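Student: I have a model open and want to go through its helices and strands. Can you take my questions as they come?

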Amino acid sequence: MDPYILVVDDHPLFRAALGLALGRAAPGVAVIEADSLAAARAALEAKGRPMLALLDLKLPDVDGFGGLIELRDRLGGAPVAIVSGGEAQSVVAMAMSLGAAGFIPKSAGLDLMVEALACLIAGGVWAPSDADDPLDEVGARIAALTHAQQRVLVGLQRGLLNKQIAYDLGVTEATVKAHLTAIFRKLGVQSRTQAVLLAKQRLSGEAEV
């Protein structure tokens with residue numbers, strides 16, 4: 001399978017801008033575009049694992065870090081970088097703590113974008129130079145969950161039932177219930193509702209207030 005870079009963003013003009021930057025950072029490498037997380041899944045099924053995925057935090061079928069958490073696990077080690085208009089330091093810190101290889105602000109100029117992409121393609125990590133805010137206690141607790149527990153928490157955030165989460169993850173409902181018990185303990189909450197509130201506060205991709 002020929003190497004390619006996956007761009008997941010629902011704005012055609014910004015996908016074009018990324019394509020221009022990628023043409024300079026990785027000349028000759030194919031770029032596959034997807035305008036939703038569902039389209040990204042289809043591309044992965046058809047093309048296999050990319051050398052790099054670039055992901056917007058706001059898509060028609062997923063909002064916030066849920067897309068990052070899913071793609072991170074689907075790509076099995078291939079880097080995923082966020083390209084987003086939400087540039088608050090708390091958002092950058094959360095993205096990096098959840099396994100993003102980089103965070104490129106959409107306000108970045110072409111030269112900076114090319115620099116960031118070249119770094120990521122070379123296997124490096126790239127984030128804005130001022131993105132050094134530590135996570136607060138809740139963010140750190142979410143970041144410390146296992147990958148499977150984070151995906152269950154995203155399912156809660158989306159309002160899915162246990163059986164729906166189990167289907168999405170390919171596990172049993174009993175496994176989901178065991179993950180929920182661990183999630184409640186690690187987050188210091190007593191109920192599903194409290195866990196959902198924390199997830200919406202920290203996994204929405206918005207700046208924390």
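Tutor: Start with α3, which lies across β1, β3 and β6 and runs at about 160° to β6. Keep in mind that this is a predicted model.

Student: Which strands does α5 lie across?

Tutor: Helix α5, residues 110-121, lies across β1, β3, β6 and β7. Its angle to β7 is about 165°.

Student: What is the strand order in the sheet?

Tutor: The order is β2-β1-β3-β6-β7, in an open sheet of five strands with parallel pairing. The edge strands, each pairing on one side only, are β2 (30-34) and β7 (102-105). From one strand to the next the twist averages 20°.

Student: How many bridges join β3 to β6?

Tutor: Three, and the two strands run parallel. Within that pairing, leucine 54 has alanine 81 of β6 as its bridge partner. With strand β1 (residues 4-8), β3 pairs over four bridges, in the parallel sense.

Student: And what stands opposite valine 8 in β3?

Tutor: Leucine 55 does. In β2, valine 8 has alanine 34 as its bridge partner. β1 and β2 pair over five bridges, again in the parallel sense.

Student: Are the β3 residues buried or exposed?

Tutor: Leu52, Ala53, Leu54 and Leu55 are all buried. Leu52 and Leu54 point one way, Ala53 and Leu55 the other.

Student: Why that split?

Tutor: Because side chains in a regular strand alternate between the two faces of the sheet.

Student: Back to helices. At what angle do α2 and α3 pack?

Tutor: At about 5°, with the axes of α2 (residues 37-47) and α3 (residues 66-74) 11 Å apart. That angle makes α2 roughly parallel to α3, because angles under 35 degrees count as such.

Student: Which residues meet there?

Tutor: From α2, Leu37, Arg41 and Leu44; from α3, Gly67, Glu70, Leu71 and Arg74. By class, the contact has three nonpolar, one polar and three charged residues.

Student: Different topic: what span should α9 have?

Tutor: Helix α9 (residues 173-187) has 15 residues and should span 21 Å at 1.5 Å a residue. Its end C-alpha atoms are 21 Å apart, so the two agree.

Student: Which of its residues are buried, and what do they pack against?

Tutor: The buried residues of α9 are Val176, His179, Leu180, Ala182, Ile183, Phe184 and Leu187. They pack against α6 (137-144), α7 (147-157), α8 (162-169) and α10 (192-202).

Student: What comes just after α9?

Tutor: Glycine 188, with a positive phi of about 70°.

Notes: Residues numbered from 1 in each chain as written. Predicted model: local features only at pLDDT ≥ 70, side-chain atom pairs only at ≥ 80, totals over all residues. Heavy atoms only, no water. Buried < 20%, exposed > 50% of the residue type's maximum accessible area, 1.4 Å probe, protein only. Pairing = 2+ DSSP bridges. Axes fitted to C-alpha atoms, helices over the stretch in contact; angles between N-to-C directions. Parallel < 35°, antiparallel > 145°, perpendicular 65-115°, else oblique. Contact = heavy atoms within 4.5 Å. Nonpolar A, V, L, I, M, F, W, Y, C, P; charged D, E, K, R; others polar. Expected span 1.5 Å × (residues − 1).
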